[in-house]
Amino acid sequence: MTSATLSQPVRERWWRSRTTRRFITNKLAMFGLGMIVLLVLACILAPHLLPYGSLDIDLRARFAPPFTGYHFFGTDPLGRDVAARLFEAGRISLAVGFSAMLLSTIIGTLVGVIAGYRGGWIGSVLMRTVDGFLSFPSIFLVLALAAALQPSAMMITIVIAATSWMEVARIVDAEVRSLREREFVQAGRMLGLSGAHIMFREILPNALGPIIVAATLTVARAILMEAYISFLGYGIQPPLPSWGNMLNGAQQYLGSAPWLAIIPGAAITIAVASFNFIGDGLRDAFDVRSDGH
């Protein structure tokens, strides 16, 4: 017991270093991480550095094409700077994505840990509830909730989280079920540790790998869902910009001013693909079988 306890930190440091090394050597994952860092920095800094604000109107500069004058990405039908609106919209979209991820991960983790560890009728009720939510097509559930509530960034975050936590719960439930009969859990029970202590101090730290992967992929899904809801008019409302409502406003100008759709569409693609690359890289990094032994 003592030797196993003393050797645990050594094994943990070895495992983490191997995990980190596998992630760093994944080129797509590092590319995705670099793109997200650049995107976040641009969304934070650009609104303070650009000469125009996202709501500044200049009717004399309507439909200015990209790379002309001071308008790097051109202007929209009201003469508003597309770059300023793009990065301001990025703040909202990324904030919604990260917030929805955090909320859905917390809910899903709580449900999954309790269901996986307790088992019995408690686990059955919780997981049948998860199955019930999963039986509804998520996109229709999102649109129904969005249409029924007052449009705002907070509302979008809650709606996306309310339709995303089930996947996390199933992943955590499966992982906890595989861990609850391990030796360190049995030792905790023999020492008289409470169920809450075993669940959240012993089992949960050993299940963080799949949770982190699921959380990363949830960010990509949340950004895409926010854009979709806003595109349909149920999300962020003009004049506040979001990538989704920028695409909505560009529909009638696809022929005359295609950059109005191409630029926010490219931002959505870059953000979603980058988070998916990171999630895939994390999944491979946490998979001990990728070592080949």
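In the predicted model, a network of salt bridges links D76, R80 and R85. Within this network, D76 and R85 form a salt bridge in which the closest N and O atoms are 3.9 Å apart. D76 is buried, with a relative accessible area of 7%. R85 likewise counts as buried, at 6% relative accessibility. Across the whole structure, a search finds 7 salt bridges.

Another of these pairs is formed by D131 and R170, whose side chains meet at 3.7 Å, N to O. Because D131 belongs to helix α4 (residues 120-134) and R170 to helix α7 (residues 165-179), this pair ties together parts that are 39 residues apart in sequence. Each partner is partly exposed: the relative accessible area is 25% for D131 and 44% for R170.

Helix α7 also holds a salt bridge between two of its own residues. R177 and D173 both lie in this helix, 4 residues apart, which is about one turn of the helix. Their side chains meet at 3.1 Å, N to O. The two partners fall into separate classes of accessibility, since R177 is partly exposed with a relative accessible area of 36%, whereas D173, at 9%, counts as buried.

Attention now turns to the nonpolar residues. In soluble globular proteins, nonpolar side chains tend to be buried together. The largest nonpolar core in the model has 37 residues, of which F73, L86, F87, I223, W243, L260 and F275 touch the most other members. Two or more residues of this core are given by each of the elements α2, α3 (82-118), α10 (208-231), α11 (243-250) and α12 (259-286). Helix α12 supplies the largest share, 12 residues. When residues up to four places away in sequence are not counted, F275 touches I36, L94, F98, T216, L217, V219, A220 and I223. Apart from this core lies another, of 14 residues, among them V113, Y117, V168 and I203.

Nonpolar side chains also appear at the surface. A nonpolar patch of about 710 Å² is made by I24, M30, L33, V37, L41, I44, L45 and L49. Helix α2 (residues 27-49) gives the most to this patch, with 7 residues. M30, a member of the patch, lies in helix α2. With a relative accessible area of 32%, M30 is partly exposed; this value passes the cut-off for patch residues, which is over 30%. Helix α2 therefore contributes both to the surface patch and, with two or more residues, to the largest nonpolar core.

Terms used
Residues are numbered from 1 along each chain as its sequence is written. This is a predicted model: local features need pLDDT of at least 70, side-chain atom pairs count only at pLDDT 80 or more; totals for chains, interfaces and linings use all residues. Side-chain values use heavy atoms; hydrogens and water are left out. Patches are made of residues with over 30% relative accessible area and no salt bridge: like charges are joined within 9 Å, nonpolar side chains (Val, Leu, Ile, Met, Phe, Trp, Tyr) within 5 Å. Accessible areas come from the Shrake-Rupley method with a 1.4 Å probe; for residues, only the protein chains shown count as cover. A salt bridge is a side-chain nitrogen of Lys or Arg within 4 Å of a carboxyl oxygen of Asp or Glu. Buried means under 20% relative accessible area, exposed over 50%, partly exposed in between (1.4 Å probe, protein chains only). A nonpolar core is a set of buried Ala, Val, Leu, Ile, Met, Phe, Trp, Tyr and Cys residues joined through side-chain atoms within 4.5 Å. Contact means heavy atoms within 4.5 Å.
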